[in-house]
Amino acid sequence: MILMNDFRRQWADAGEDFHRALERTGASGWYILGREVERFEQSLAAVWGLPHAVGVASGLDALGIALRTLGLRAGDRVLLAPVSAFATALAVLHAGGAPVFAPCSPNGLADLDACAEILERDPAIRFFLPVHLYGHCLDMDRLGAIAARGVRIVEDCAQSILARWNGRPCGSAGRAAAASFYPTKNLGAMGDGGAILTSDAELASQARCWRDYGQRSKYDHAVAGVNSRLDELQAAFLSDAGLPRLEAWTARRRAIARAYIEGIRHPQIEIPAPPPGSDSVWHLFPVLVPDGAKERFRRHMADCGVQTAEHYPLPLFDQPAMRGVAYQIAGDPGPARRFCRREASLPIHPYLADAEAHAVIEACNRWPGV
Ligand SMILES: Cc1ncc(COP(=O)(O)O)c(C=O)c1O
């Protein structure tokens, strides 16, 4: 089976680096918020092109802490993307915010024109959580223009590390960006991890306080924070095994995406286009099949030995956990629902071989369709 991810191959390539990181951390005798986290934060900030990185326990926490440090209060409305990992909505809910779901573009990303209009029409919405979905970069100029009007933007960059918009790094238009190091992510740990990226030194310092019980210094608790510290061990893994490979891994994802874009020729398989100007890092490779045909497509791919997935089966607002939650849907929910009904994801990861990518293309092109 051609898998969506293959961590055994990653281990075969990078296992020695993981071992070295483990030995160094073990021998250091310091396991929480020490040199490894500090070193990784500095390297990550440099790679990203933003001055500050604050390591936390997950991407979900990175989003939540960023929203809180930006002053989100219970009941504040937050405009957010309608199609994403459920963590995007959870971050808003955990911080006490009230979600307002944005309209969906044909490529599954939030429609930024519509978002700008909604935020202009309703200035009481002061927070915006756009998602650089699939590793695509949203229009950073548009995001910057929205931010310039005083809207507090937290960019969800869980899927988009190294993605750029006309040379500008994703995550640099708003006040803060959130990264995830969940193992499947483009920069994955061997467990959970996340980070807040920002160019605002004061915000970075507040986030450091939030992640560590709200401590400014030992036993001096300025806010009712949380325990959300990036582990020393995960930081060491990311420094030794992940970051040195990130560029090559990203280049491989891009090469596979190019092969799929050139090779998949089927009248009923559509490849949703990244926003023009986006230098995508292809965390995922979504395709759209006719409404009602997704199960048949996925069964055909499985019969051809290709695993597929869904990102995502439902818009965030249709998840059962949203029942009873006070949220709004701005505009027509139809396009997001239709996108989710039609979307399937093909395998794309740095250890996918050329022959396997070719087999994925062949399997797509051989689909009888509907
Ligand atoms: C778009 C998006 N946002 C947020 C998250 C949450 O990240 P984590 O799993 O590290 O909490 C994820 C990962 O699942 C994601 O894909």
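Here is a short back-and-forth about a predicted model, and about how its structural labels are earned.

Reader: Let's start with the sheet. What makes strand 1 and strand 14 the edge strands?

Author: Eight strands form an open sheet, in the order 1-9-8-5-4-2-3-14. Strand 1 (52-56) and strand 14 (328-329) each pair on one side only, and they are the edge strands.

Reader: Why is the pairing in that sheet called mixed?

Author: Look at the neighbours of strand 8 (residues 176-180). Strand 5 (residues 152-156) runs parallel to strand 8, with three bridges between them. On strand 9 (residues 194-198), strand 8 pairs in the antiparallel sense over four bridges. The sheet holds both senses, so its pairing is mixed.

Reader: Which residues show those two pairings?

Author: For strand 5, Val154 has Ala176 of strand 8 as its bridge partner. On the other pairing, Ser180 stands opposite Gly194 in strand 9.

Reader: How do you know that strand 2 and strand 4 pair?

Author: Two bridges are the minimum for calling strands paired. Strand 2 and strand 4 (residues 127-129) are joined by three and run parallel, so they pass. One spot to check is Leu79, whose bridge partner in strand 4 is Phe128.

Reader: And what about strand 4 with strand 5, over how many bridges do they pair?

Author: Two bridges, in the parallel sense. The cut-off is at least two, so this pair meets it. Phe127 stands opposite Arg152 of strand 5 here. Helix 6 also packs on the sheet, touching strand 4 and strand 5, and its direction makes about 150° with that of strand 5.

Reader: What would you call that angle of about 150°?

Author: Angles over 145 degrees count as roughly antiparallel. About 150° is over that, so helix 6 runs roughly antiparallel to strand 5.

Reader: Back to strand 2. Why is its crossover to strand 3 called right-handed?

Author: Strand 2 (residues 77-80) and strand 3 (residues 98-101) pair in the parallel sense over four bridges, with Arg77 opposite Ala98. Between them the chain passes through helix 4 (residues 86-94), in a β-α-β crossover. Right-handed means that the path from the first strand over the helix to the second runs clockwise when the strands point away from the viewer. The crossover here is right-handed, so from that viewpoint the path runs clockwise.

Reader: What makes helix 5 and helix 6 roughly parallel?

Author: Helix 5 (residues 112-121) and helix 6 (residues 140-148) pack at an angle of about 5°, with axes 10 Å apart. Anything under 35 degrees counts as roughly parallel, so helix 5 gets that label relative to helix 6. Helix 5 brings Leu112, Asp113, Ala116 and Leu119 to the contact, while helix 6 brings Arg142, Leu143 and Ile146. By class, that's five nonpolar, no polar and two charged residues.

Reader: How do you know that strand 8 is mostly covered?

Author: Five of its five residues are buried. Ala176, Ala178 and Ser180 point one way, Ala177 and Ala179 the other, and all of them are buried. That fits the usual pattern: in a regular strand the side chains alternate between the two faces of the sheet.

Reader: Why does Ala357 count as buried?

Author: Its relative accessibility is 4%. Buried means under 20%, so Ala357 qualifies. Ala357 sits in helix 11 (residues 354-365) and, leaving out residues up to four places away in sequence, touches Ile256, Tyr260 and Leu352. Between Ala357 and Ala255 there are 9.9 Å in space, C-alpha to C-alpha, although they are 102 residues apart in sequence.

Reader: What makes Leu33 and Trp282 unusual in their backbone?

Author: Most residues other than glycine have a negative phi. Leu33 has a positive phi of about 45°, and so does Trp282. Leu33 lies in the loop between helix 1 (7-28) and helix 2 (35-48), Trp282 in the loop between strand 12 (278-279) and strand 13 (285-288).

Reader: Are those two buried or partly exposed?

Author: Leu33 has a relative accessible area of 26%, so it is partly exposed. Trp282 is at 7%, so it counts as buried.

Reader: Where is the cis peptide bond?

Author: From His311 to Tyr312, with omega near 20°. Tyr312 lies in the loop between helix 9 (294-303) and strand 14.

Note on methods
Residues are numbered from 1 along each chain as its sequence is written. This is a predicted model: local features need pLDDT of at least 70, side-chain atom pairs count only at pLDDT 80 or more; totals for chains, interfaces and linings use all residues. Side-chain values use heavy atoms; hydrogens and water are left out. Axes are lines fitted to C-alpha atoms, for helices over the stretch in contact, and angles run from 0 to 180 degrees between N-to-C directions. Angles under 35 degrees count as roughly parallel, over 145 as roughly antiparallel, 65 to 115 as roughly perpendicular and the rest as oblique. Contact means heavy atoms within 4.5 Å. Ala, Val, Leu, Ile, Met, Phe, Trp, Tyr, Cys and Pro count as nonpolar, Asp, Glu, Lys and Arg as charged, and the others, Gly among them, as polar. Buried means under 20% relative accessible area, exposed over 50%, partly exposed in between (1.4 Å probe, protein chains only).
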